[in-house]
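Student: Before I start using words like "buried" and "salt bridge" for this protein, can you show me how each label is earned?

Tutor: Sure, let's put the values next to the cut-offs.

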Amino acid sequence: MTSPTPDALLGPADIRELAAALGVRPTKQRGQNFVIDANTVRRIVRTAQVRPDDVVVEVGPGLGSLTLALLEVADRVTAVEIDDVLASALPATITARMPLRADRFALVHSDAMHVTELPGPAPTALVANLPYNVAVPVLLHMLGTFPSIERTLVMVQSEVADRLAAAPGSKVYGVPSVKANWYAEVRRAGAIGRNVFWPAPNVDSGLVSLVRRAEPVRTTASRREVFAVVDAAFAQRRKTLRAALAGWAGSAAAAEAALVAAGVSPQARGEALTVEEFARIAEHRQPDPEQPDPVQLDPVQSDPVQSDPVPQDSGQPAFAQREKDSE
């Protein structure tokens with residue numbers, strides 16, 4: 001691998017110069033906060049344990065701060081960018097600042113939620129700075145669509161990071177926690193302060209590490225079936241599972257039967273269950289021939305934190321409409 005030049009990464013002056021040249025003006029409404037600290041993006045790459053043989057996919061590269069840091073280490077980097085202006089400028093930035101690695105970079109100009117294939121070799125790692133209101137669905141979509149992704153590190157709003165990494169019994173344990181754990185072992189991997197962004201945001205950010213399970217959850221139920229139980233359980237999280245799952249099962253009595261068969265107390269609440277227990281419940285649902293089949297929610301639906309947007313390097317608009325709060 002050819003080493004990049006020491007000044008290849010973007011600093012505060014570089015970010016402002018690029019933004020000015022593109023006519024990009026950071027606004028609070030669009031959550032535009034650009035990473036201006038080279039040490040921070042290198043720290044993210046180290047924390048993500050990116051290796052020289054990795055094929056990394058990055059969602060929301062923006063002006064390229066993290067992209068360049070990834071190219072310093074990874075074999076290849078594919079960036080998914082929805083914004084027209086930012087997408088058109090990024091290849092030139094890579095060529096100008098890291099010309100000897102430019103052939104290792106690919107751009108996909110698209111909404112990440114619509115991406116089902118990527119150019120080149122299958123990705124082995126996902127590293128991204130995600131906007132909070134679509135962070136969970138984008139993360140779950142990428143993990144579900146690209147099973148070759150072994151390691152993931154995402155930067156999200158601190159509250160969202162807490163939810164993703166929460167364990168059963170935690171007050172913030174919910175849909176994102178369970179669905180992320182379906183795919184991976186999840187943990188908080190650090191915090192990011194506000195002074196590494198321009199302009200400085202009003203929220204703190206957190207890093208979340210996800211290492212794909214060596215063995216999938218053992219269940220005869222499909223992912224969609226399991227996620228339907230999770231969505232139903234947390235849509236009315238203050239109710240017992242017997243009541244919360246009545247619509248999913250067809251009746252409260254049917255919900256209780258499925259719970260008992262799965263070895264779960266009908267009086268328990270969703271926040272106490274592991275993903276394996278949700279899977280057992282899904283296995284024991286008995287369709288009622290006199291009732292229509294309950295609508296199963298999309299696997300990426302989640303219960304987002306309603307607060308200020310997470311700072312982004314990209315300043316890109318949302319990938320999709322804000323998902324419905326399931327709580």
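Tutor: Let's start with charges: Arg51, Asp53 and Glu150 are linked in a network of salt bridges. Keep in mind that this is a predicted model.

Student: How many salt bridges does the whole structure have?

Tutor: A search of the whole structure turns up 14.

Student: What makes Asp162 and Arg188 a salt bridge?

Tutor: Their side chains meet at 2.5 Å, N to O. The limit is 4 Å between a Lys or Arg side-chain nitrogen and an Asp or Glu carboxyl oxygen, so the pair qualifies. Asp162 sits in helix H6 (residues 158–165) and Arg188 in strand E7 (residues 184–192), so this is a link between distant parts of the chain, 26 residues apart.

Student: Why is Asp162 called partly exposed?

Tutor: Asp162 has 35% relative accessibility, and the class runs between 20% and 50%, so partly exposed is the label. Arg188, at 28%, is partly exposed too.

Student: How do you know that Arg76 and Asp75 form a salt bridge?

Tutor: Here the N to O distance is 3.9 Å. That is within the 4 Å limit, so the pair counts. Arg76 has a relative accessible area of 30% and is partly exposed. Asp75 is partly exposed as well, at 22%; buried would need a value under 20%.

Student: What about Arg194 and Asp204?

Tutor: Their side chains meet at 2.8 Å, N to O, in a salt bridge. Arg194 is in the loop between E7 and strand E8 (197–198), while Asp204 is in the loop between E8 and strand E9 (205–212), and the two are 10 residues apart. Arg194 is partly exposed at 35%, and Asp204 is partly exposed at 35%.

Student: On to rings. How many aromatic pairs are there?

Tutor: The structure holds 4. One of them joins Trp182 and Phe227, with 5.8 Å centre to centre and 75° between the planes.

Student: Why is that pair called edge-to-face?

Tutor: The centres are 5.8 Å apart, within the 6.5 Å limit for a pair, and the 75° angle is over 60, so edge-to-face it is. Trp182 lies in helix H7 (residues 175–183) and Phe227 in helix H8 (residues 223–235), so the pair ties together parts 45 residues apart in sequence.

Student: How do you know whether Trp182 is buried or exposed?

Tutor: Its relative accessibility is 14%, and buried means under 20%, so Trp182 counts as buried. Phe227 is buried too, at 1%.

Student: And what makes Phe234 and Phe278 a tilted pair?

Tutor: They sit 6.0 Å centre to centre, with 45° between the planes. Stacked needs an angle under 30 degrees and edge-to-face one over 60; 45° fits neither, so the pair is tilted. It links Phe234 in helix H8 with Phe278 in helix H12 (residues 275–283), 44 residues apart. Phe234 is buried at 0% relative accessibility, and Phe278 is buried at 0%. Tyr173, Phe234 and Phe278 form one aromatic cluster.

Student: Why is Arg285 said to lie over the face of Trp248?

Tutor: Arg285 is 6.0 Å from the ring centre. The rule asks for CZ of Arg within 6 Å of that centre and within 35 degrees of the ring normal, and Arg285 is listed as lying over the face.

Student: What makes helix H3 largely enclosed?

Tutor: Helix H3 covers residues 65–73, and 8 of its 9 residues are buried, so the rest of the structure largely encloses it. Among the buried ones are Leu66, Leu68, Leu70 and Leu71, along with Glu72.

Student: Which residue has a positive phi although it is not a glycine?

Tutor: That's Gln49, with a phi of about 55°. Gln49 is found in the loop between helix H2 (38–47) and strand E2 (55–59).

Student: Why is Gln49 called exposed?

Tutor: Its relative accessible area is 52%, and exposed means over 50%, so Gln49 earns the label.

Student: What about the protein overall?

Tutor: It has 12 helices and 9 strands, and 53% of its 327 residues count as buried. It exposes about 13,900 Å², with carbon and sulfur atoms supplying 51% of that.

Methods
Residues numbered from 1 in each chain as written. Predicted model: local features only at pLDDT ≥ 70, side-chain atom pairs only at ≥ 80, totals over all residues. Heavy atoms only, no water. Helix = DSSP H or I, 4+ residues; strand = E, 2+ residues; numbered from the N terminus. Buried < 20%, exposed > 50% of the residue type's maximum accessible area, 1.4 Å probe, protein only. Areas by Shrake-Rupley, 256 points an atom, 1.4 Å probe, with all protein chains shown as cover.
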